[in-house]
Every structure is written in C-alpha cells, then in structure tokens.
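Reader: I have a model open and would like to talk it through with you. Could you walk me along its main features?

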Amino acid sequence: PSARMTIDPHFAIGRIRRRLFGGFVEHLGRHIYDGIYEPGHETADAEGFRQDVIELVRELGVSTIRYPGGNFVSGFRWEDSVGPREQRPRRLDLAWHSTETNEVGLHEFSSWLEKVGSDLMMAVNLGTRGTLEALDLLEYANVPGGTELSERRRANGREEPFAIEMWCLGNEMDGPWQLGHRSADDYGKIAAQTAKGMRQIDPDLKLVVCGSSGAQMPTFGEWERVVLGHTYDDVDYISCHAYYQEKDGDTGSFLASGVDMDRFIESVVATADHVGAVRGSSKRIDISFDEWNVWYIDRYEGVDKITGIGNWPVAPRILEDSYSVLDAVVFGGLMISLLKHADRVTSASLAQLVNVIAPIMTEPGGPAWRQTTFYPFSLTSRLAQGEALEVKLDVPTYETARYGEVPLVDAVATHDAANGTAAVFLVNRSTTESISVEVDVVSLGEVSVRETHVLTDADIHARNTLEDRERVAPAPSDTVALDGGVLRLTLPPVSWTAVALG
Ligand code: AHR
C-alpha cells in the first residue's frame, strides 16, 4: 500500500503551545518515593532527589507538570505537606490504599520542578474538601505576604510566592471511584463557586474544570454540558482523560486508539461550543487533556489492588506497566492526535512520569531507564515547534472491531516559520504491510532532511527492562529521500516515524 500527503504552511491548525507537552506526578506507588526522591541513592542531591531521574526528565522535555493527583488529591490535606518535615503526619491514602508520609510536599516538589525546568499545575481537592481549603492553598502559594497563610509560607522557607498559574478544580469528579464523586450539577456549582473565589484572589489564574474521565463514561457529553453550564464564564479549560490498552488480542483496534482520541476531542469541543452558543458568548473554552497514556488498567484492577485494614504500604509497586514497541507506536499516534487538535487542545499532561504508568523507570539503589514510550514523547516535544499543519492524507483504510473503518496511516506536520524548520510525524497501523509514503513539500521551499527517527521492531512486544535497559530505541530511517520537492519514505508495519526538515 501507499499513501500521499502534502505539507503546506497554509494548512495551519494552530500554534503549538509548550503546555501540550506537560506531564503528571501523583503521590501514587513509587512515583515520588523511590522514584524522583530517594535520599540514599548514589545520585541523590542534597535534597534527596535522584539526579539520574532529573536528567531523564529534562531529556524527556516536559513543560507543565500536574500535581499532586489524580485520585490522590480527593483525600489530600495540603496543610500536611508543608512545614517542618518531622511534624508532618503520616496519612491514609484511600485512593491507592497506601500510607502517605508527606516527606515530599509543595515546597520540595516545587524545588524539584526548578531542577527539571518545568512549571507547576496544581490540583485542589474538591472531593472531600471545598472552596475555603482551595482558597487557603491559593493564598499560601500565591499571595506575596502580610496574611496568616502567606506568612506561614515565608516562615516555611519560601520567601517569594510559588506563582502557580494553572489550577485544576478537583479530579475526575464524574467517576464513581472518586472520593467525593458528585453529580454534574453538584460539581458544576462547587467548581463555579471555587473558581470565582480563586479569581477574587488572583484574576490571572488559568482554571481547568473537570470533564469526563473518558469518552466511555455513561454521563459523557451531558456531564460537559451541565458542568460548563455552571462554570463557562469562570474557567479557561475543560479536562479530558483517556487511557488505552490492547484488549483480547485486538491489535488492529488498539493501533487505532488515536481515532478514538480524535472523536473524544471533537465531541468535547462541540459540546463546549454548544454551551457557548446557547449563552451567546464569544468566549472559547479550550481542552486540557490532562491525563492520557497507554495503561493496562485491567491488570491493576485484577492483580495490583491493595486491600486490608492493617495493610497500608508506603510506596508500593503498583501501576508499573512495562511498555512494548506496540504500546509506543500507539502512544506516538496519541501525540499525533493531540497535535492535530492544537487549536483547541492547548494543554495536555502525559499520565504519568516516573514508575507509575511512566516513560521513566527506576530501581531503588539501582539505575533509571527509558521505557519505549519515552522516545515518541521526547522527539515530538523537541521537534514539534511553531504551528501544527493538517497534511490532507490520501491513504488506504482497514477495518477495526472497535472503531469501524480507519486510515492505515495517521500523520501531522509542524512548521516553524521563525527558523524555517518543519517536521512530520507518522504512524503505520498495519500489522503486516510496509507503506510507502510520498509527501509533497514544495511549499516549504528549499529544505533538506535534518533528522529521521523510526521506532519499530521485528518483535512488537520487545521492551526495555531492568535487565535489558536499551533493548528498544528509535533508529534513523534508511528509506528517506527528498528530491524535487517530494519526500519519499517507507513506514514499516507497526511503526512510528519522525522526520525533521529545515
Ligand atoms: O493516572 C492514574 C489515575 O487515573 C489517576 O489518579 C486518576 O485521575 C485516573 O483515573
């Protein structure tokens, strides 16, 4: 099979915001403890943070990082996580049936963020707490001084405000598993009230209201309509969350996960715009896709779950998915889907970052390494600059059990007019066929191929493990040729490819 497409700066979708390449760090499993923080580790710095992990996070290229949860946030008392460490309480974490020691809290995490060069996106607890506690946290974090809570921050060693701009109004409040789960109506009211109060303190905040935990939720669509009905004037973003896994050996559907993500985004945009139209509002609500990844959630539900009144481990090994080449190709396809909607998806967070459904793994007292999914993220984050471009794909289709007939190839291009560079990202969803692709790049003028990266393997289940940490990595393409304004390349079956031009 073959495919054709065109890269033309006139087909601009939207400017790519750095926030699209965000991450997510939750107090969950070995994410913080034995992940980013391990005081006894040979690479630990004076604050106990692993410098090998810091290096990898920098290389990954994550912008904003969402914190401290996730489901964790719905039972979180932020006051526990600040002040003298020896006085911080150990608490039950009901979301993950663990013990939270509070050794790492807001101050420590913010210091770690400075080391990795990322910004904080803070979530408030609207599950078991309310507006007042959210306002208290905002006062503590962002008010320069002169009040009880801002002075407490200064006394705790942080003179300057944290100046956190992005705030999530709770987490997955539509999910029955969520502590404090509410109806759309009840959540919409408390979210609007909290947002209004937060803006009275700091009008420049960017606020994210909870959308659905997935397009498969029974309340999907209606949840967005009702919640935005309450909050439209008070928030900037509505969230989307989506996780994908291969089910029942249906590789074809799994490879088409990006199609589901496309439809999800487009439905939420349509719903948000409908609410705006009914209100006669010229304001536009953007999407914060603040949890997305491949996650073998069935594995967690079946095996990993911790139970027992006397069993609340610290930093248990849970949600430690090991990602294959196939997973990474799907993952790269999800990034293509996000870029294809760069006009409305202006913030996103890969869930998560270290050890917990993560691109980076660590062993206590041992090494840190890159999972297969590390590569499509780091390469897309580095190469996708400027504007996202629609590529007008002409490509054969295949039939999937879950999504019907879908294109065999998905692709998006990017173009940075400021420095004359471009990039194209492609995924071949065929499990058997190579696909030759012709890309018309005449409109880019005089360009040459700067870099090529192909992620594929004869064994699509190959992965990087503690024992074999560099088994999988992208390789340069040996099929790329650029001649007379036409870029030609061949995409191997089950592959993700990036080509940088300039
Ligand atoms: O990322 C893991 C969990 O997935 C998060 O805590 C929750 O928000 C979602 O259900």
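Reader: Happy to start at the ligand: how many nonpolar, polar and charged residues are in the shell around the ligand?
Author: Let's begin with what we are looking at: this is a predicted model, in which local features need pLDDT of at least 70 and side-chain atom pairs count only at pLDDT 80 or more, while totals for chains, interfaces and linings use all residues. Residues are numbered from 1 along each chain as its sequence is written. For the classes, Ala, Val, Leu, Ile, Met, Phe, Trp, Tyr, Cys and Pro count as nonpolar, Asp, Glu, Lys and Arg as charged, and the others, Gly among them, as polar. The shell then has one nonpolar, six polar and three charged residues.

Reader: Which residues are around the ligand?
Author: A residue is taken as near the ligand if its C-beta atom, placed from the backbone, lies within 6 Å of it. The list is E26, G69, G70, N71, N171, E172, S213, E291, A351 and Q352.

Reader: What is the form of the peptide bond from A351 to Q352?
Author: Q352 sits in the loop between β12 (345-351) and β13 (360-362); helices (H or I, at least four residues) and strands (E, at least two) are DSSP runs, numbered from the N terminus. Omega for the bond from A351 is near 5 degrees, and the bond is cis.

Reader: Which two residues does the cis bond with omega of about 0 degrees join?
Author: One partner is a proline in the loop between β4 (64-67) and β5 (91-93). The residues joined are Y67 and P68.

Reader: What is the mean pLDDT of the protein?
Author: pLDDT is the predictor's confidence in each residue, from 0 to 100. The model scores ipTM 0.99 and pTM 0.97. For pLDDT, 100% of the residues reach 70 or more, and the mean is 97.

Reader: Which element gives the most to the side of domain 1 that touches domain 2?
Author: The domain bounds come from an automatic or database domain assignment, with domain 1 at 17-383 and domain 2 at 389-501. Counting contacts as C-beta atoms, placed from the backbone, within 7 Å, 32 residues of domain 1 touch 35 residues of domain 2. Elements that each supply at least two residues of the domain 1 side include α8 (257-279), α10 (325-340) and α11 (374-383). The top contributor, with nine residues, is α10.

Reader: Is A315 buried or exposed?
Author: A315 is found in the loop between α9 (297-304) and α10, and its phi is near 50 degrees, a positive value in a residue other than glycine. A residue is buried if 20 or more other C-beta atoms, placed from the backbone, lie within 10 Å of its own, exposed if 12 or fewer, and partly exposed in between. Because A315 has 22 such neighbours, it counts as buried.

Reader: And A163, buried or exposed?
Author: A163 also has phi near 50 degrees, a positive value in a residue other than glycine. It lies in the loop between α4 (148-155) and β8 (166-169). With 12 other C-beta atoms within 10 Å, A163 is exposed.

Reader: How far apart in space are S434 and T490, C-alpha to C-alpha?
Author: S434 lies in the loop between β19 (421-428) and β20 (435-440). Leaving aside neighbours within four places in sequence, S434 is in contact with T490, L491, P492 and P493. S434 and T490 are 56 residues apart in sequence, and their separation in space is 6.6 Å.

Technical notes:
Two residues are in contact if their C-beta atoms, placed from the backbone, lie within 7 Å.
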